[in-house]
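Work through the exercises below with the sequence and the coordinates at hand, and try each task before reading its solution.

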Amino acid sequence: MAKRTAVLLGASGLVGGYCLRGLVAAQEYSRVILLVRKELSLSEAGVPANRVEQRVMNLAETTSGDFVAVTDLFCALGTTIAKAGSQPAFRAVDYELPMHAARAAKEAGVEQFLLVSSGGANPASANFYLRTKGELERDLTALKFPALHIFRPGLLLGRRQEFRLSEALAQRIGPLLNPVMIGPMRRYRSVRAKTVGDAMVAAALRGRSGIFTYHYDEIIGFTRNQ
């Protein structure tokens with residue numbers, strides 16, 4: 001595969017941070033560009049600054065010019081309704097920003113879009129969170145990228161920068177429930193954020209065209225196949 005250029009949205013998040021480390025470690029990427037609201041401390045993340053270009057900007061104002069000569073766009077943007085403060089504010093981060101960037105990227109000729117979504121995402125769901133995630137998947141599909149990779153993890157395991165009590169409790173319980181989540185429930189098993197981030201990079205490097213959706217078994221399969 002020829003040298004590639006990646007743009008990453010959401011590098012400060014749990015999955016985004018691991019995706020960033022994976023991109024920097026992959027020699028297939030000659031450039032890794034972060035579009036961020038505020039500059040990240042790469043040294044604290046253990047990332048060599050000479051491998052990363054940071055562009056501080058309003059993500060709602062991205063244009064096709066931000067994606068010139070970019071091959072792969074990774075999107076790990078996400079928040080919670082509680083943190084955002086309202087459903088409209090949540091939708092602005094989890095739907096509007098990714099779609100705005102995706103349209104600009106498609107116009108610029110980006111080949112692959114890789115998205116962290118959610119297990120249970122469905123545009124017809126009665127649950128606002130899952131409905132928003134499903135609508136994003138649906139509308140990204142309509143853009144017809146040469147390759148669209150959608151990752152639908154269950155509970156994400158890993159240490160976040162901000163403390164969330166309910167999530168901290170869930171992270172203790174989730175792994176204990178994995179063995180009894182079988183059959184149709186298996187796809188909702190908790191999974192390490194690092195595993196998801198690594199899987200995103202591995203999926204991009206396969207260089208396949210089409211639409212791909214990954215649940216628990218497919219996500220951990222990338223690690224097993226390395």
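On a 1 Å grid over the protein atoms alone, a cavity is a set of points where a 1.4 Å probe fits but cannot get out, and its lining residues have an atom within 4 Å of a point. Grid points are joined across faces, edges and corners, and a volume is the space filled by probe spheres set on the points. The model is predicted, so that local features need pLDDT of at least 70 and side-chain atom pairs count only at pLDDT 80 or more, while totals for chains, interfaces and linings use all residues. Residues are numbered from 1 along each chain as its sequence is written, and side-chain values use heavy atoms, with hydrogens and water left out.

**Exercise 1.** Find the largest cavity and describe its lining.

Solution. Step one is the search of the whole structure, which returns 1 cavity of 30 Å³ or more; the space in the largest cavity is about 30 Å³. Step two is the lining, to which L77, D94, P98, L115, V116, S117, K133 and L136 belong. The elements giving two or more residues to this lining are α3 (87–108), β5 (112–116) and α4 (128–143), where helices (H or I, at least four residues) and strands (E, at least two) are DSSP runs numbered from the N terminus. Step three sorts the lining residues by character, giving 5 nonpolar, 1 polar and 2 charged; here Ala, Val, Leu, Ile, Met, Phe, Trp, Tyr, Cys and Pro count as nonpolar, Asp, Glu, Lys and Arg as charged, and the others, Gly among them, as polar.

**Exercise 2.** Which parts of the chain does the pair R186 and D217 link?

Solution. A salt bridge is taken as a side-chain nitrogen of Lys or Arg within 4 Å of a carboxyl oxygen of Asp or Glu, and R186 and D217 meet this with an N to O distance of 2.8 Å. Located along the chain, R186 lies in the loop between α5 and β8 (191–192) and D217 in helix α7 (residues 216–224), so that the pair, 31 residues apart, links distant parts of the chain.

**Exercise 3.** Decide whether D198 is buried or exposed, and do likewise for its partner K194.

Solution. The side chains of D198 and K194 form a salt bridge at 2.7 Å, N to O, and both residues lie in helix α6 (residues 193–206), 4 residues apart, about one turn of the helix. Buried means under 20% relative accessible area, exposed over 50%, and partly exposed in between (1.4 Å probe, protein chains only). D198 is therefore buried, because its relative accessible area is 18%, whereas K194, at 43%, counts as partly exposed.

Definitions and conventions. 1 Å grid on protein atoms, 1.4 Å probe; cavity = no way out; pocket = protein on both sides within 12 Å on 5 of 7 lines; lining within 4 Å.
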